Amino acid sequence: MNYFLFFIVIFYSFNNFAQTIDPNLFQTWYLDSYETSDADSSPTVIEKIVPAIKPSLTIREDLSFNGVGACNTFQGTFMSLGADTEDSITTDQFLRDTNVCEFESHQDFERDYVDYMASAYGFTIHAVDGGLELFFDTLVFGYYKFKNFTLNTANIETGGIDVYPNPTTNGLLDLKSTNNSIQKAELYDALGQKIKTIQYKLGRINISELDNGLYILRLETTSGMLTKKIIKN
């Protein structure tokens, strides 16, 4: 009888512990910003990465998870650390794709985000206007901040704006918008670094002074943000 009672106690203790994990964790989260350590001069804001990306993380009640980076996906499981606090989990198993991203800005992001998720540790959840925020802290006083709602500024489909001719040989590009008013145009190099803010006049932009190569055009419109690859030959 004593052995029977012992196993009953163990069984209920295990179940009660399993219930300590905040149930709000189990949903899809969208990465908002991050700092790899307290040495970072400023956080990396996902909305400002060019070309635009939509990294996410979905966590299920069995502590399995899958996610999307810039050009790779990953999956794995978290493991409870057996402490009394509800944020005590760590990555247990982890599998990832190993594609090389087309843009160096995306490759740099992959190195930070996907590598961190391979060894994530602990979490906290806070209520904010619009929903919830999920924080994973790094061991060097950085953080990865997720939201359970998408960003207010949407990335619109490229079908709403035509950019031509692309490639361009003389550096002149015509822009035609059917549904959106273009408010601002910025140009970035293949590393994701902003080169210039472009004067947008009469549906045309001029990049004739730039070297031949691949660039990213980022347009701010009345409906959201648009990024599009352009090539100057």
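Visitor: In this predicted model, which side chain meets Glu209 in a salt bridge?
Guide: Happy to start there. Glu209 sits in the loop between β14 and β15, and its partner lies in strand β13 (residues 194–198), 13 residues apart. The N to O distance is 2.6 Å, and the partner is Lys196.

Visitor: Are Glu209 and Lys196 buried, exposed or partly exposed?
Guide: Buried would need under 20% relative accessible area, and exposed over 50%. Glu209 has 48% relative accessibility, while Lys196 has a relative accessible area of 23%. Because both values fall between those limits, Glu209 counts as partly exposed, and Lys196 is also partly exposed.

Visitor: Which residues are joined into one network by salt bridges that share partners?
Guide: A search of the whole structure gives 12 salt bridges. Some of them share partners, and the network they build consists of Asp32, Glu133, Lys145 and Lys147.

Visitor: Which residues does Glu133 touch, leaving aside residues up to four places away in sequence?
Guide: Glu133 lies in strand β8. With a relative accessible area of 12%, Glu133 is buried. Its contacts include two lysines of the salt-bridge network, Lys145 and Lys147. The full list is Trp29, Thr124, Ile125, His126, Val128, Lys145, Phe146 and Lys147.

Visitor: What distance separates the C-alpha atoms of Glu133 and Phe149?
Guide: Along the chain, these two residues are 16 residues apart. In the model, their C-alpha atoms are separated by 8.9 Å.

Visitor: Which residue forms a salt bridge with Asp174?
Guide: Asp174 belongs to strand β11 (residues 172–177), and the pair links it to strand β14 (residues 204–206), 30 residues apart. The partner counts as partly exposed, at 39% relative accessibility. The closest N and O atoms are 2.9 Å apart, and the partner is Arg204.

Visitor: Are Glu186 and Arg218 buried or exposed?
Guide: These two form a salt bridge, with the closest N and O atoms 3.6 Å apart. Glu186 is in strand β12 (residues 182–189) and Arg218 in strand β15 (residues 213–221), so the bridge links distant parts of the chain, 32 residues apart. As for accessibility, Glu186 and Arg218 are both buried.

Visitor: Let's turn to the aromatic rings. What is the angle between the planes of Tyr116 and Tyr144?
Guide: The whole structure holds 15 aromatic pairs, and this one is stacked, at 4.5 Å centre to centre. Tyr116 lies in helix α2 (residues 104–117) and Tyr144 in strand β9 (residues 143–147), so the pair ties together parts that are 28 residues apart in sequence. Tyr116 counts as buried at 10% relative accessibility, and Tyr144 is buried at 1%. The angle between the planes is 10°.

Visitor: Which residues do ring pairs link into a cluster?
Guide: Both tyrosines of that stacked pair, Tyr116 and Tyr144, belong to the cluster. Its members are Tyr34, Phe65, Phe74, Phe78, Phe94, Phe109, Tyr113, Tyr116, Phe123, Phe136, Tyr144 and Phe146.

Visitor: Which element gives the largest share of the largest nonpolar core?
Guide: That core has 28 residues, and Leu57, Phe78, Tyr113, Leu134, Phe136 and Phe146 touch the most other members. The elements that give two or more residues are β1 (28–35), β3 (56–59), β5 (73–80), α2, β8 (131–137) and β9. The largest share is 5 residues, and it comes from α2.

Visitor: How many residues are in the other core that lies apart from it?
Guide: Among the members of this other core are Leu173, Ile205, Leu219 and Leu226. The core has 16 residues.

Visitor: What share of the protein's residues count as buried?
Guide: The protein's secondary structure comes to 2 helices and 16 strands. Of the contacts with a separation of 6 or more, 56% are between residues 24 or more positions apart. Among the 233 residues of the protein, the share that count as buried is 39%.

Visitor: Over which residues is the pLDDT below 50?
Guide: The protein averages a pLDDT of 83, and 83% of the residues score at least 70. The stretch you ask about has 3 contacts in the model beyond near neighbours in sequence. Where pLDDT is low, the predicted coordinates should not be read in detail. The stretch is residues 4–19.

Methods:
Residues numbered from 1 in each chain as written. Predicted model: local features only at pLDDT ≥ 70, side-chain atom pairs only at ≥ 80, totals over all residues. Heavy atoms only, no water. pLDDT = per-residue confidence, 0-100. Contact = heavy atoms within 4.5 Å. Phe/Tyr/Trp six-rings, centres within 6.5 Å; stacked < 30°, edge-to-face > 60°. Helix = DSSP H or I, 4+ residues; strand = E, 2+ residues; numbered from the N terminus. Buried < 20%, exposed > 50% of the residue type's maximum accessible area, 1.4 Å probe, protein only. Core = buried A, V, L, I, M, F, W, Y, C linked by side-chain atoms within 4.5 Å. Salt bridge = Lys/Arg side-chain N within 4 Å of Asp/Glu carboxyl O.
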